[in-house]
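Reader: I would like the assignments in this structure justified one at a time. Please set each value against its criterion.

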Amino acid sequence: MNVSLVKDLSVYQLVMGVQAPPKPLSLSPATLLSLVRAQIDLLIEQQIAATLWVKLPPDKIWQSELARYQSSVGASSLIYTCQIEESSKGEAGEDKGEGRLNISSSPSSPSSHYVPVHLPPDSQMRRENFLMVLSPQFCSLILAHRPLKKRKNQTSGKVNTNKNQPLLIITTVEGRVIQQVLNSIQQAIAPESSSILPASFICPTVPQGALMNQLLAKQLLRQDEINRQIITVRTNKLEQQNQELHNKEQLKDEYLKNVCQELRIPLTHMKTALSLLNSPNLKPPQRQRYLQMLNTQCDQQNSLITGFLELVQLEQNLEGTTLELVRLSDIVPGVVSTYQPVAQEKGIMLAYTVPTELPSVWCVSGKLRQIVINLLHNSLKFTPNGGQVWVRARSQGDYVQLEFRDTGIGIAENEIPKIFDRFYRVRTTATEDYGGAGLGLTIIQQLLLRCGGSISVKSKLSEGSTFTVQLATVSNIPKAIATENEL
């Protein structure tokens with residue numbers, strides 16, 4: 001079969017051009033689907049062999065309805081399927097210069113009873129979907145039109161279309177309306193083409209009352225089915241959101257519990273020291289030791305509160321932080337020089353290697369120095385007298401790696417997965433506590449995640465540790481910046 005149209009058409013404009021046209025209703029795509037399904041149900045139940053003129057979305061959920069009808073009615077049906085061509089010219093017999101559309105059977109069609117209708121990219125039908133049923137017993141038209149509602153993008157000044165707006169849907173069984181649409185299509189057919197329907201075909205004025213009653217019942221059933229599906233989806237989504245909120249509340253409660261426990265530890269030590277200071281037989285060396293304990297625990301509590309507040313502030317404002325490009329050679333030497341006196345006091349050899357030719361890296365504004373300070377401080381703190389600490393940087397593809405390697409006490413293998421957890425502190429013996437809030441590595445990890453970087457660690461007990469920071473270079477735009485540029 002070979003059918004050609006000599007001009008472009010808009011089914012919506014044809015319908016709206018009839019005298020006293022049906023009134024369009026603003027409805028959802030789900031309602032359109034229920035109407036289409038109800039029509040197919042009726043055609044299958046009554047075994048109505050009809051010619052269909054359709055343009056439906058390419059999704060399987062829509063196309064399966066046509067397949068359901070064709071498989072039930074079989075050879076007596078003929079389906080013209082309109083398809084928008086994405087190429088500019090030369091495909092499917094389209095001659096854009098003449099405004100001519102070709103309709104022809106294709107070996108790739110699922111059945112010889114499917115006739116593809118190839119439409120140009122700028123066809124008036126582009127914003128339309130429809131199902132027109134043509135048979136002597138029953139004629140109907142379901143039409144959905146998405147109006148071109150324009151809005152101006154205040155940032156770019158470009159005009160965008162709103163794809164989420166409702167559809168204008170028309171459904172009718174009036175013979176006069178459908179006949180005028182059919183006549184316009186027949187008039188647009190090229191003389192040498194095969195006719196869609198016999199010239200004597202006339203749409204019935206109105207379908208039989210029994211058919212209309214059945215159609216109405218099926219529409220109600222299909223709409224109810226889709227409504228129940230929508231309610232189920234929304235209910236599942238709400239349940240998922242409630243579960244996520246519940247999980248967040250549990251995490252928050254656990255977090256606050258840990259904060260209280262951590263703050264209680266220094267208070268307990270301070271209360272013990274104060275009680276011992278009240279002893280009447282206290283000797284001066286003991287008094288000095290208890291005063292030192294009070295001073296140490298006050299520092300510990302201050303460190304906990306400061307770290308906790310910093311982490312809370314960071315998590316609240318992390319998405320709003322900006323990134324900057326910075327050179328490691330501008331940061332690392334100054335930090336290392338600051339800690340050289342500390343290293344010399346402990347007899348630790350402290351050295352760094354940061355080539356000046358390394359590319360700039362992305363980091364949260366003003367935070368790269370804090371990352372270097374925290375990691376270098378940890379290396380020196382956990383390295384005993386006479387040890388060594390190295391800070392080295394090198395290029396690694398689109399990243400720069402910054403290593404902090406020491407010959408310190410190391411970390412047990414079972415502790416390594418925990419060291420980035422909030423308030424987790426490494427304790428090597430029952431009598432030795434290296435202090436700290438246990439929040440430094442957590443803060444570093446959050447900062448690096450924000451700028452597309454990462455941190456990892458390799459360590460063995462009594463053999464030292466190596467912390468490796470990976471930072472994106474100027475040629476590797478972090479996801480955070482890419483997202484900001486899209487907004």
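Author: The model is predicted. A starting point is the pair E45 and K218, whose side chains meet in a salt bridge at 2.7 Å, N to O.

Reader: What makes the contact of E45 and K218 a salt bridge?

Author: The N to O distance is 2.7 Å. The criterion asks for a Lys or Arg side-chain nitrogen within 4 Å of a carboxyl oxygen of Asp or Glu, so the pair qualifies.

Reader: Why is this pair said to tie together parts that are apart in sequence?

Author: E45 lies in helix 2 and K218 in helix 5 (residues 209–277), so the pair joins parts that are 173 residues apart in sequence.

Reader: Is K218 buried or exposed, and how do you know?

Author: K218 has a relative accessible area of 16%. Buried means under 20%, so K218 is called buried.

Reader: What puts E45 in its accessibility class?

Author: The relative accessible area of E45 is 47%. That value falls between the 20% and 50% limits, so E45 counts as partly exposed.

Reader: How do you know that D41 and R68 form a salt bridge?

Author: Their side chains meet at 2.9 Å, N to O. The limit is 4 Å, so the pair is a salt bridge. The two residues belong to distant parts of the chain: D41 is in helix 2 (residues 29–46) and R68 in helix 3 (residues 60–73), 27 residues apart.

Reader: Why do D41 and R68 get the accessibility labels they have?

Author: D41 is at 16% relative accessibility, and the buried class ends at 20%, so D41 is buried. R68 has 26%, which lies between 20% and 50%, so R68 is partly exposed.

Reader: Which residues are linked with D41 and R68 in a network of salt bridges?

Author: The network also contains R37, E65, R222 and E225. For the whole structure, the number of salt bridges is 8.

Reader: What makes R228 and D224 a salt bridge, and where do they lie?

Author: The closest N and O atoms are 3.1 Å apart, and the cut-off is 4 Å, so the criterion is met. Both residues lie in helix 5, 4 residues apart, about one turn of the helix. R228 is partly exposed at 47%, and D224 is partly exposed at 39%.

Reader: Which residues make the contact of helix 8 with helix 9, and how do the two helices pack?

Author: Helix 8 (residues 368–381) and helix 9 (residues 440–450) pack at an angle of about 145 degrees, with their axes 10 Å apart. The crossing is left-handed. Q370, I371, N374, L375 and N378 of helix 8 meet G440, L441, I443, I444, L447 and L448 of helix 9. These residues divide into 7 nonpolar, 4 polar and no charged.

Reader: What makes strand 13 and strand 17 edge strands?

Author: Strand 13 (349–353) and strand 17 (454–460) each pair on one side only. They belong to an open sheet of 5 strands, in the order 13-15-16-18-17, with mixed pairing.

Reader: How do you know that strand 15 and strand 16 pair?

Author: They are joined by 8 bridges and run antiparallel. Pairing takes at least two bridges, so strand 15 and strand 16 are a pair. In one of the bridges, V391 has F404 of strand 16 as its partner.

Notes. Residues numbered from 1 in each chain as written. Predicted model: local features only at pLDDT ≥ 70, side-chain atom pairs only at ≥ 80, totals over all residues. Heavy atoms only, no water. Buried < 20%, exposed > 50% of the residue type's maximum accessible area, 1.4 Å probe, protein only. Axes fitted to C-alpha atoms, helices over the stretch in contact; angles between N-to-C directions. Left-handed = near helix turned anticlockwise from the far one by under 90°. Contact = heavy atoms within 4.5 Å. Nonpolar A, V, L, I, M, F, W, Y, C, P; charged D, E, K, R; others polar.
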